[in-house]
Structure formats: structure tokens, C-alpha cells
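Visitor: I should like to go through this structure term by term and ask what justifies each description. Please begin once the sequence and structure are shown.
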Amino acid sequence: MIHRLLSLAMDSNFNSNNPFTKDLFPSPALSLSLAGAFRNVQTPREEIEESGFEGEPAEISSENNGTGGAMSADQDADVADKSDDEDETDGGNNKKKRRKNYHRHTAEQIRVMEALFKDSPHPDEKQRQQLSKQLGLSARQVKFWFQNRRTQIKAIQERHENSLLKSEMDKLREENRTMRETIKKSCCPNCGFTTSTKDTLITTEEQQLRIENASLKAEIEKLRFAQEKFVEGTVSPIYNFVHKNSSAPNNYPCLFGLDKTKIQEIVDSALDELIRMAYSEEPLWIKSVETGRDILNYDEYLRKFSRDARKDRLLWQSVEVSRGSGIVFLDLNHLVHAFMDVKQWKELFPCMVANAANQDVIYTGDSQSKDGAIQLMFAELQMPTPMVPTREFYFIRYSKKISPEKWAILDVSVDKIEKSIDVSLVKFRKNPSGCIIEDQANGHCKVIWVEHTECQKSTISTLYRSIVLNGQAFGARHWMATLQQQCERVVFSMATNVPTKDSNGVSTLAGRKSMLKLAHRMTSSFANCIAGSQYKSWQKMMKGNEEIRFMSRKNINEPGEPEGLIVCAVLSTALHVSPMVLFEFLRDESRRFEWDIMSCGGPIQTIVNLSKGQDRGNSVTVHLPISSEKIKCIIQDSSTNAYESVIVYSHVDSDDLQSVINGCESSNIALLPSGFAILPDGLDSKPYVITSERNEIERSGFEGGSLLTVGFQILANQSPVVNLSAESIETVTNLVSCTLHNIKRALQCDEA
């Protein structure tokens, strides 16, 4: 039987916004003065609610067409105007009340009341009196209009909530039935013992070979096409794309049978949709009365943008739509170039982007500004847990200068862009998504992010289902929070005059850059190691009630890691504790002995403390065990925002670390990072999409505590040719299990 995780409300401090101060770049010359980094900046962090829609086409309900008890926007204009006047009778003695007159509000009256409703859904008596005089209505009419408007929105939301409960119950029953069938199939009908999993392993290997085979076929098609177009004595088109020596867009007239002119038409249409999605309000986005967040009206979206959406959605069971905005501390030019450079883009999102590649350049655009550049990209998105599968996308990225102070970065999937790719293997697709970047003329940018993804049905762990399906895991607000956090890191790494309290133990700019670069590599490696990529062969082991996943890999000549046999073990669980409380406990060096069994309970001394953002939780520290006989330091990278927090650490030789502090290159330092990833288990239970499609939206999450992932890596053997031993497996799984038990004991919390 599958149990739904019910948990307590998150600590309100977790989502608190930090005040911004001054900008690092007061001029286009990219000044490196941190003293003026965050000043006089308004922070309209207009984070708008993420939207999730799940399901297949179904019957149309009455929630958005005005036929089910909830009034439409036009219907609520008709209100009863009761009159106390009485008609005269023929005899003068008998009187009867006049028949009620119904008054229909004018468009101007509705517009004025709608404007007030957005700011104040519950106007007081003074506001109603003032509005009635302004519009020529009675105070009672105004009062009834606001009551009807509140009832309208609440009725829609409650009806969807009931639909969600039924949908969730049906899905849990189906999941339970599937699990029972799986258990029956895995047992011998005669003896009852578990059968071999060889067939399952072969199936998984065959699936991986199919994916690799499709990718190789795509590469062959590219080379074959380039060879056919190549004429002796001329330069190959691929050479032009790789080296970007040609600015003429027509030197590669088509891409795998899809004319480049057609591609330009597709991206222009998609860009128009992105801009309208970014700036539209009602009725496309409806503000929730309870939470103040915007909810996507999916029926309105289908009417505005997707004429063939219902037919197309037969292949896609889930739709996730979200929008968010905020101020980013990086100038417009650097931000645009970072999005168009696949390596820089991946570094901006170390815990979200596992792999990224630029497959082809379709249009080079302006070589300096990147205006008009179109490129085919591949990206694999991840969550810091092996319990959620990664998402793979093929999409076109388009950068366009809308006005002198406004740019757009568009991502959109194009069907049949690569004819050699097996469509059955493409499980995720991007509808027009991306961001609008507005220059604030002070080295800052305002970014409006829209994320719109279609997904085929896939198995998601019950533990992480709510935050995945409601858009918190891969939604726009998560992308926006990570972008702000990483841009602050770039600012602090390049600043020339950092306060002493923010740079303890490192005295030079080169040393600070080298330390932050090493910490960033460590966190990116850890997130990639514990993610649920389909190319990783995770095995499971039960220790009591805990399911620990482990895997091994052999490193022969990969830089940045020690050579030999490496074993990794990961455990994900839910805890009844606030994410912020858990994060602060794990990064507190004075309480490290309570959970770190490797420190043997001894005290530690902090010798380096580098800030990499306004939040003090974003920092790089170096700890030295006081009683340690071996000269080993612990370098730790801590990062936090409203949607994820990570604490990653690794043991490093003191001599190697000192060279990094002095400013030497850090890429040759071998690390095996271990650590923790902390996610909220859901923010609220309200729906994120309003639509007439019933029974197809997953529940949007529950108020609760934390989802904690504990990950450890050890070097089992310095020789990469040896096989994995049972002793190594026992060692690394015990590390994970004991660490989790120590955390629960220290915080006096149980698993959710």
C-alpha cells in the first residue's frame, strides 16, 4: 500500500528574500569594485507561480466555460439591483412590490472594479463607498460584485481540488496494482523464490545501446551531409560552424531536410509566443486570492496559441508551465554570451544541468553581439537525487535583440529537426520557453523567465512526485533563483575590494578565484554523481528500512579525480524538519562532530571563509581537524536558495590546498566530493493550472519538511582493474546509513 507523505509546514525563513544593495558594475566597462555591488536596487522579485498540468485529453468540465455553478468573467457583471420602491395600485389601497430590475455593469465599471480587485479582493466600507460614487453604483451593488468575483475564483479552485484528489487516488491504485504485478512476475510460481534479474538487466543495456546507436546515426548523417555538400577547393560548412569564420547565414541551406527558412519562421513565431507569455496577465494568468500567486489558465492558452494542441497532446501526458522574474547582478552583454556559450550556460546551473552540447549552428548571427544566432542544442537536466530520472531535450536556442535595452533567449523543440533520432526515445519537449532580459542601465538586468515543458509519462518516486509535477523541480522560479545565486558568485569572484570578513584566509584576487573555481567544480561533480541518469547502473541494498543505492566506476585517466576504483552510495529520505534548519545544522562547524563520523568527534578549526553571495549560507570554507595526525584539510562548499540547498565537502592535502589559496591552477587537484542535497517537499496544495481537462492534474504538493539526499564517495582501490568487493560496498553504505542516523538523533526528528 502506498502512503502519501504528509509533513509539517516549512519554516517561513526558508523562502525569505534577502535585500539587495548595490551593483558591482556601475558602468558598461565592468568595474570590479564590490564596494558598489548592491546599492539602490529595487528588488521586485516578482516570482510568479509555477504551473503543472498532468493528463490525457478528457471531457470538458464547466469550470471555464461558465456552466457549472461558477460564474464567468462576463456573467458576474449581471447583478440584481433590488428596489424598495413600490408601484401604485389601481384602487390606491393595495400595493405590490415592483418586479426586480437587473442591472448589467458597463465595461468601464467592470474594468475599474477589476483593477481594485487585483490589489484588494476584500475592500472595506470606505473603499466601497468611494468606488460607488466614482462609478455611479450603490455601495450594495459594489459589495455584491466583489462577493461574486471572490466566489467565482474560489469555486473554480475548489472544483479542481476535488478533481485532483480523485485523480491522485486513481493513480495510487494503479501504481499499487502495477507493483503487485511486478512482485508476482519476479517470483517463481512453483517454489516462490525470487527469480534472476538477468532479463531486466539485459533490457536496460539494450535500451542504452539503442540510445547510443541513435546518437551515432545522427553524427553519421551530419558528416554524410557535409561530405555531399563539400566541393574540392572550398571550405567545409562544418569548419565554418566550428570556427565561426562565416557570418553568411545561407552557407548551410538546410538541416536534415528541414529548410532553414522554415526554421526561421518557427523561431519567430515561438518568440512572439514567449514575449506574450512573459508579459500577459489575466485571463491567461489568474492571480490566486489565497496565495497571491499567478495560475495559468490553460484553456485560455490553448485558445491563444495552440490550435493543434489537443491532437498533439495525445502523445504527451504532462504539461508543466511556470513563470518567474527577478534582478540579476550581471550586465546584459555578459548574460547573453553566457546563454549562447554551452559551457558557460552549464556552469551557471551546476545542480540542474548534468550535460549540455551544442549540436549545430544553424545561423551564426552577429559574431560580436550574438543577435540572430540560432543553434541546435542537447541538454540533460537533473535533480540531486537518484530517485528522479534525468530529462533529455533536443531544442533550438535563439538569441534576438528586441530593442536596444531588451533581449530574448528562446528555447523551443522542433519536431523532425533530426530525422535520425528515434522519436520513441524523446520523452521531453520544450514549448516556447526562455527568458526576456531587460538592461537596468546600472550593470544589472531584470530577467523574466518562462518554462513550458511537455513530458511523456514516466515513473517518479512518491517521495519526489509533488515537487516534480507541480513545477518546483524544473520550473521557472527554480531556474531564476539559481541564476541569481550563480551570478552573485561570478561577482564575488571578480571583485577587487572584498571586505575582510567576506574573504578570511585568502588575501589575493587570484587565490579567491582559484578557490571558488575549485569549490564550483566540486559541487558540480557531486550533483552529477548522485543524479538519476539512465546511463548509471544503480544497485540497491536494504539496511533496515532504508533503501541505499550504490554504484562503482573505474577512473583511469579522468582529471580531477583519483585514479582507481571509486564507489558511491546514496540515500534519499524525507525528514520532519525545516530545510533551513537542516541546512544551518549541517554547515555549522561547531556541531559537525554530531554527524561526521570521519572526524571521530574531534574539534575543527575554520582557516578559510569566502563569501560568494549576499546570503551568508553561500560560502566556501576550509576546516582543519585540530587533533588530526595526518595533514588533511576539509574544503566545503555551501549553497542555498528557496528551491535547493547543497553542502559538499572533500578532504584535500594541505600542501595542495595552499597552492590553490596562493592562486595556482586548481584543475589538477584530485577530489572525491561527498555531501548533502536538501529540497523542500512541497510549498502548498493549490493547483498550478486552471483547465477544463479533468482528472489529469497531479496534486501540487503538501506543506512539509525536507527531502534529504546523503551521498558518499570512497576510493576502494588505487588500481582501476580490480573488481568491486563486498567489503567496499559495506563500508560506503555504512557511512551513509550511520550519517543519516546521527542527523536524525541530533535534530530529534524522524523520517516523514
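Guide: This is a predicted model. Let us begin with Asn 742, which has a relative accessibility of 11% and counts as buried.

Visitor: Why is Asn 742 called buried?

Guide: Buried means under 20% relative accessible area. Asn 742 has 11%, so it counts as buried. This residue lies in helix H16, residues 726-747. Leaving aside its neighbours within four places in sequence, Asn 742 is in contact with Glu 594, Trp 595 and Ile 597.

Visitor: What makes the pair Asn 742 and Arg 745 a polar contact?

Guide: The side chains of Asn 742 and Arg 745 are joined at 2.6 Å, and a polar contact requires a pair of N or O atoms within 3.5 Å. The pair is therefore listed as a polar contact.

Visitor: Is Arg 128 buried or exposed, and how do you know?

Guide: Its relative accessible area is 15%, and the limit for buried is under 20%. Arg 128 is therefore buried. It lies in helix H2, residues 125-135. Not counting residues up to four places away in sequence, Arg 128 touches Pro 123, Ala 139, Val 142 and Lys 143. Arg 128 and Lys 143 are 15 residues apart in sequence and 6.9 Å apart in space, C-alpha to C-alpha.

Visitor: Why are H13 and H15 called oblique to each other?

Guide: Helix H13 and helix H15 (residues 654-661) pack at an angle of about 125 degrees, with their axes 7 Å apart. Roughly perpendicular covers 65 to 115 degrees and roughly antiparallel begins over 145. An angle of about 125 degrees falls in neither class, so the two helices are oblique. On the H13 side the contact is made by Gly 511, Ser 514, Met 515 and Leu 518; H15 contributes Leu 657, Val 660 and Ile 661.

Visitor: What makes S18 and S19 the edges of the open sheet?

Guide: The sheet has 10 strands in the order S18-S22-S23-S24-S25-S26-S28-S21-S20-S19, with antiparallel pairing. Strand S18 (503-504) and strand S19 (539-543) each have a single partner strand, so one side of each has no neighbour in the sheet. Helix H13 (residues 509-530) packs on this sheet, touching several strands, among them S18 and S24, and its direction makes about 75 degrees with that of S24.

Visitor: How do you know that S25 and S26 pair?

Guide: Two strands pair if there are at least two bridges between them. Strand S25 (residues 645-653) and strand S26 (residues 674-680) have five bridges, in the antiparallel sense, so the condition is met. Tyr 649 has Ser 674 of S26 as its bridge partner, and Val 646 has Ala 677 of S26. S26 also pairs with S28 in the antiparallel sense, over six bridges; there, the bridge partner of Ala 677 is Thr 709.

Visitor: Why is S26 described as largely enclosed?

Guide: Seven of the seven residues of S26 are buried, so the rest of the structure largely encloses this strand. Ser 674, Phe 676, Ile 678 and Pro 680 point one way, while Gly 675, Ala 677 and Leu 679 point the other way. Helix H14 (residues 579-587) lies across several strands, including S26, to which it runs at about 165 degrees. An angle over 145 counts as roughly antiparallel, so H14 is roughly antiparallel to S26.

Technical notes:
Residues are numbered from 1 along each chain as its sequence is written. This is a predicted model: local features need pLDDT of at least 70, side-chain atom pairs count only at pLDDT 80 or more; totals for chains, interfaces and linings use all residues. Side-chain values use heavy atoms; hydrogens and water are left out. Helices (H or I, at least four residues) and strands (E, at least two) are DSSP runs, numbered from the N terminus. Contact means heavy atoms within 4.5 Å. Axes are lines fitted to C-alpha atoms, for helices over the stretch in contact, and angles run from 0 to 180 degrees between N-to-C directions. Buried means under 20% relative accessible area, exposed over 50%, partly exposed in between (1.4 Å probe, protein chains only). A polar contact is a pair of N or O atoms within 3.5 Å; within protein, one must be able to donate a hydrogen and the other to accept it, and residues adjacent in sequence count only if both atoms are side-chain atoms.
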